[in-house]
Amino acid sequence: MVDEKALEVKKIEGIVRYQPEAEKLIQKGLKELQLQPSTVMERSYPFEPEMIFIPAGEFLMGSDPSVDKDAQDIEQPQHILYLPDYYLAKTPVTNAQYETFVQVTGYAPPRHWKGGKPPRGKEDHPVVHVSWHDAVAYCDWLAKVTGKPYFLPSEAEWEKGARGSDGRIYPWGNQWDAERCNSREGSKNDTTPVGAYPKGASPYGLLDMAGNVWEWTRSLGGKSRRRPFRYPYDPADGREALDAPSIIFRVLRGGAFYYDRRYVRCAYRFWSHPPSSMLGEYGFRVVVAPGLSLSVEREKKSAVVRKPELVRLPRQSPPPGAVPKPEMIFIPAGEFLMGSDPGKDKGAFDNEPPQHTLYLPEYYLAKTPVTNAQYAAFVQATGHDQPHHWAGGKPPRGKESHPVVYVSWYDAMAYCRWLSEITGRPYRLPSEAEWEKGARGSDGRIYPWGNQWAVERCNSEEGDKEDTTPVGAYPEGASPYGLLDMAGNVWEWTRSLWGEDLLWPSFRYPYDPADGREELDAPSVVLRVIRGGAFRSNRRSVRCACRYPGNPGSFYGLVGFRVVVAPDSPLDSGTFGGGH
């Protein structure tokens, strides 16, 4: 095999280059794999994926924000990287290919299959609802059957296959074209057969590298849940370790049918989902490379999910006035209209009807999302992990009054528990019913301010802010109760369950709080509802009735939370709290 020590790493002005000691080492490695450089790798079995040869050489990895306006911080700096020869699957693994694995081994099929078979008519669609561990199990089986070291690609191997050597933004070039991939812009709202977009091929002829399904890579997303691996890419820094704890995220690439053009770019890194996730938009493709060995026993973690513990924090006794508490607004008891009537709201999604009348007792809901300053007090008092983009327990300078982001559902729950302990009041996350009533009042209005769209009343995609704004920056967007930022700025965690299927909630309307949707001890694979939309959400997604799923163990730059105090709190009507 290729001697990894012969690959000298040189870092010059932030650019990483992998210099092989000699090209013969690469060819020697290929011979040991019993493979020869060619356009397509010879298949020994009909169920093997079609593998495309990717020649050794340098390529541009990451993004240059002066060229790509959608470049994310975690994609920078753009740098030159050398990779030896390898073979990458032309398409993601299909349902038919994965079915062979299931039938031969008795491995558990994806949860939406029936009788060990994929949905009829979707045999040539990419397999979905597979975790990283499932993908590794498939690779191990395929490697043993064929004698070739199939595995998941590193994110470097994936990216080079997607964009070639010239650093293009999309597999086909630098100009966006919705007709070349299955993305949100195409409104398919489902997977398509692999290879259905031949005009979207990469320079090497690989298909579905943009959209259709997110694809697991073997690369780790971070050294911990809060510390992502950054660029320049260095395979020796631990990011390619296979024996990392299962709570450490793995990187997904490529975007999916429900994601827009920003997420299907070749350089986009989706690093914040745990390897146990099995969503309806997650699939994978395989690689055969000189550095992979059949003799190495790959450690396989159990796919059984363990819910992170919600630790009960000891009671704190901070000095009076030291804790910046949220300002809480009284929401009176009574009925309100929940959900959407498609006859009145043309933007209604299928999971919002039927619109129905729901009674809620009185409660208090925070006037704004929890701010960075408020969350910093929690981090400093408890030692809880800070959001990964903070430094020294402090948020970015100048953003103290912005909503906190990059917090998981579990982080939000921990904050509520701490705030309850130090104040003696029962703070928690709102149910989606409590959230929606606070946003729209009792009359079923579409937006917090009424039924007519007004871009100047919230921080949404149409306003082109491209970032969070200070809470309360849009007073004209207030709800009937005076709540702010209920439309846009950040999505907000609720306590309510969505279900395990990303596309369709298990808990539907009419809303019934006794049907299990408000359970707090559900497994972490069960998604939670987020509400309100964010600065990158359009007018349809910032409507009061819009429901969206979020993985409770993940954290995103678009998601924060606000808190509620339930009816059993001994409080007078009006407001309380406040102060920063």
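**Strand 20 and its neighbours**

I began with strand 20, residues 491-499, in this predicted model, and I found that four bridges join it to strand 21, residues 527-531, with the two strands running antiparallel. On checking individual partners, I noted that Glu492 is bridged to Arg531 in strand 21, and that Leu497 has Arg528 as its bridge partner in that strand.

I then looked up the pairing with strand 23, where two bridges connect strand 20 to a strand that runs parallel to it. Glu492 turned up again here, since its bridge partner in strand 23 is Gly560. I reminded myself that strands of a sheet pair through backbone hydrogen bonds, and that they may do so either parallel or antiparallel.

Stepping back to the whole sheet, I wrote down that it is an open sheet of four strands in the order 22-21-20-23, and that its pairing is mixed. At the edges stand strand 22 (547-550) and strand 23 (559-560), each of which pairs on one side only.

Is strand 20 enclosed or open to the outside? I found that nine of its nine residues are buried, so strand 20 is largely enclosed by the rest of the structure. I also sorted its side chains by direction: Trp491, Trp493, Arg495, Leu497 and Gly499 point one way, while Glu492, Thr494, Ser496 and Trp498 point the other way, and all of them are buried.

**Helix 3**

Next I turned to helix 3, residues 132-146, and asked what its length should be. At 1.5 Å a residue, its 15 residues should span 21 Å, and because the C-alpha atoms at its ends are 21 Å apart, I recorded that the model agrees with the expected span.

I looked at both ends of this helix as well. At its start, a side-chain oxygen of Ser131 reaches to within 3.3 Å of the backbone nitrogen of His133, and just after the helix, Gly147 takes a positive phi of about 80°. As for burial, 13 of the 15 residues of helix 3 are buried, so I noted this helix too as largely enclosed by the rest of the structure.

One residue I followed further was Ala143, which lies in helix 3 and counts as buried at 4% relative accessibility. Its C-alpha atom is separated by 9.5 Å from that of Val288, although the two residues are 145 residues apart along the chain.

**Helix 7**

I made a similar check on helix 7, residues 432-440, which is mostly covered, with nine of its nine residues buried. Among them I listed the charged-looking names separately for my own reading, namely Glu432, Glu434, Glu436, Lys437 and Arg440. Gly441 follows this helix, and its phi is positive, near 75°.

**Aromatic rings**

For the aromatic rings, I counted 40 aromatic pairs. The pair I examined was Trp172 with Trp176, whose ring centres are 6.1 Å apart and whose planes stand at 50°, so I entered this pair as tilted. Trp172 itself is buried, with a relative accessible area of 14%.

I also traced one aromatic cluster, which is formed by Tyr45, Phe47, Tyr98, Phe101, Tyr107, Trp113, Tyr138, Trp141 and Phe284.

Which arginines did I find placed over tryptophan rings? The charged end of Arg250 sits over the ring of Trp132, at 4.1 Å from its centre, and Arg528 lies over the face of Trp409, at 4.1 Å from the ring centre. I had already met Arg528 as the bridge partner of Leu497.

**Cysteines and a buried asparagine**

How many disulfides does the structure hold? I found zero disulfides. Of the cysteines, I looked up Cys181, which is buried with a relative accessible area of 2%, and Cys458, which is buried with a relative accessible area of 2%.

My last entry concerns Asn182, and I first asked where along the chain it is placed. Asn182 lies in the loop between helix 4 (155-163) and strand 8 (214-220), and at 1% relative accessibility it counts as buried. Its side chain is joined to the side chain of Thr192 by a polar contact of 3.3 Å.

Terms used
Residues are numbered from 1 along each chain as its sequence is written. This is a predicted model: local features need pLDDT of at least 70, side-chain atom pairs count only at pLDDT 80 or more; totals for chains, interfaces and linings use all residues. Side-chain values use heavy atoms; hydrogens and water are left out. Rings of Phe, Tyr and Trp (its six-membered ring) pair if their centres lie within 6.5 Å; planes under 30 degrees apart count as stacked, over 60 as edge-to-face and the rest as tilted. Buried means under 20% relative accessible area, exposed over 50%, partly exposed in between (1.4 Å probe, protein chains only). A charge sits over a ring if NZ of Lys or CZ of Arg is within 6 Å of the ring centre and within 35 degrees of the ring normal. A disulfide is a pair of cysteine sulfur atoms within 2.5 Å. Two strands pair if DSSP finds at least two bridges between them. The expected span of a helix is 1.5 Å times one less than its number of residues. A polar contact is a pair of N or O atoms within 3.5 Å; within protein, one must be able to donate a hydrogen and the other to accept it, and residues adjacent in sequence count only if both atoms are side-chain atoms.
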